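Colleague: I'd like a close look at a single part of this model, one sheet and its surroundings. Please take me through it piece by piece.

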Amino acid sequence: MPDADVTSTVTRLLRAQGRASVSHNSGRPWLVGKWSDDEIVVAEAGNSRVAVIGPASVTATRLAGILARTGDVTAVNAVLSSLPGSYHVIAYVNGRSLVRGTAAGVRQVFQTMVDGQVLAADRADVLAGVLGTELDLEAVALSLLDPLPPYPLDDVPMWKGVEAVPPDRFLLIDEAGRPATFRWWSPPEPVVPLADGARALRLALTNAVAVRTSAGGKVSCDLSGGLDSTSMCFLAVDSPAELIAYTTVGLDPADDDVPWAMRAISALPGVGHEILPRNELPLVYQGIATADDCLDRPFIGQIDRAQILTAFERMAALGSRVHLTGFGGDEVLEGDLNYLRSLIRKAPWIALSRLRAYHAQGRWPLMNVAWQLLRPRSYGSWWAGTAGRITDPRQALRSPRFDWDEPPRLPPWVSPDCVDLVRRMLRAKRESVRPLAGDPSKHADLLAIRSSARIARSFGQLVGPTGVPFATPFLDDQVVEACLAVRAHERSTPWEYKPLIKEAMRGIVPAASLERTTKAESSAEEEAGLRANHLDLMALCEDSRLADLGLVEADQLRAASHYSPSLTRPHESLQQTFTAEAWLRRLKVSVQAGPRS
């Protein structure tokens, strides 16, 4: 909050919720929120102050020294950007304020204006509540796109008057109270050889895990037996913390998570191991009709809320103070196959050898792949074609789509008004859109990482009431940087699964646990969940909020609410629709149609 008189309504709203606070020298509130003592470090020097909120390797003494030596708020942020961990930085130096989250977006920043003053927060719904603003119908419509709205519409806040600060930018408020955003982070160029990158990743991951475990106590960790969660367990086992591993037994008989998890546990003596048996596994969509999770946007992972909450409630009962996961590993450890588009021009012989291998493995249609790889296509050109195709049925692909992004689709049960609304939004942006990077593979990598971080952020909100934080070391800034710096054609190859993490973990994770090339999938859980929870889904179709808003045809949604064995998997679009419906039902804000201001 600014060092100024903001409306008494704002102060009253925040204080009524019993939040913790840190004051300006004037006594006015500077930071207001909910945090424990070990989640925040604050330092002051004269009228300047800085706070780091979240797991970070910094003490108040060190923070005070940085503040005393640095007379500029942006310089303070530059020094703090090298700290391992996942945290917000909030600084006030010589009348200027700076707020920023993390580069991937796990920790995000939103802003709004109240009585001419800038307020910033890590949750859009908090600012919307303070502002008393309306829900944005356009943002709700965008949330129905499968799999995601295209960048930059993928992160539009759900309320009018609330803006998201891009993860790679910080919010700066000058002495006159005027806000602006500036870039503070850029991805590294992918020029580092695999061996060097693996050493950097090993150090970054070790530091990221240490930030969460160095305080000791009990720490829990997913252990699916996959490379990512297994690496987390072996990095945490030598810490001062007592480690508890957690494994879920899936419904698919072909799911081989448990044998791989048991192989890892055999090399982790003294580590507790909690297993959720198959017969206790909550199903997909269980409890969705009565969900009251406090989320600031629709969250696709909410379809698995019963299973997620079961895990975190178990860990809370065992005394875990933080839960480590391998979430984000897929996105940072393996690059998008679009790298072949650049590689075929820079190193055609290397590209051709990889193409031959991919063709042998997946029977790619080479002529179609060659045409995609060689055609010039700007992001604006790709975007221009999306609006006209948003209602096209999905196709079962025989090979990857080498383009800027997967084309978004609206499901067949949305209304004509919803289709028109989304098309107008896409067409209004087509002249001004710019990609996250000029190279399609870099754009795709950054987009995937940001999407994963957004899901991780919502995961954190979902499990927050259990008291066990959701930790994603793979999405820490230094870990993301170490991975993106590796040459794309060495990070992703047709001959080896996740070579970067295998090289980084040699000597830490037993060789036997690094041999896994399989990954469990959840179609069995989804089919069973759709069948078992059919009545709950029908209840969501009755008196549908989405239908009331004119976005969904309830009868068509009702008829489509079943599992389909089709290769195009049309039932997957139900995830966006039902999580949006569940999210809307919890809200107590007004909804009015109209364009974003």
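Modeller: Here is a walk through that sheet, with a quick word on the whole chain first.

Keep in mind that this is a predicted model, where local features need pLDDT of at least 70 and side-chain atom pairs count only at pLDDT 80 or more, while totals for chains, interfaces and linings use all residues. Residues are numbered from 1 along each chain as its sequence is written, and side-chain values use heavy atoms, with hydrogens and water left out.

The protein chain has 24 helices and 18 strands (DSSP runs numbered from the N terminus, H or I of at least four residues for helices, E of at least two for strands). Its radius of gyration is 24 Å, close to the 25 Å that the globule rule gives for 597 residues, so the chain is as compact as a globular protein of that length (taken over C-alpha atoms; the rule is 2.2 Å times the number of residues to the power 0.38). Buried residues make up 55% of the 597 (buried means under 20% relative accessible area, exposed over 50%, partly exposed in between, with a 1.4 Å probe and protein chains only).

Now the sheet. It is open, with 6 strands in the order S3-S4-S5-S6-S11-S12 and antiparallel pairing (two strands pair if DSSP finds at least two bridges between them). S3 (40-45) and S12 (179-183) are the edge strands, each pairing on one side only. On average, neighbouring strands are turned by 15 degrees against each other, direction ignored (axes are lines fitted to C-alpha atoms, for helices over the stretch in contact, and angles run from 0 to 180 degrees between N-to-C directions).

Start at the S3 edge. S3 and S4 run antiparallel and are joined by 6 bridges; Glu44 has Arg49 of S4 as its bridge partner. Their hairpin has 2 residues between the strands, and Gly46 there takes a positive phi near 65 degrees.

S4 (48-53) deserves a longer stop. It is mostly covered, with 6 of its 6 residues buried. In a regular strand the side chains alternate between the two faces of the sheet. Here Ser48, Val50 and Val52 point one way, Arg49, Ala51 and Ile53 the other, and all are buried. So Arg49, the bridge partner of Glu44, is among the buried residues of this strand.

Move one strand over. S4 pairs with S5 in the antiparallel sense over 5 bridges, and Val50 stands opposite Ala91 in S5. S5 (88-93) is in turn joined to S6 (96-100) by 5 bridges, again running antiparallel, and Tyr92 has Ser97 of S6 as its bridge partner.

What lies across these strands? Helix H2 (residues 60-69) lies across S3, S4 and S5, running at about 40 degrees to S3. Its buried residues are Leu63, Gly65, Ile66 and Leu67, and they pack against S3, S4, H3 and S5 (contact means heavy atoms within 4.5 Å). Helix H3 (residues 73-80) lies across S4, S5, S6 and S11 (169-173), at about 30 degrees to S6. Both helices thus lie across S4 and S5, and H3 is also one of the elements that the buried residues of H2 pack against.
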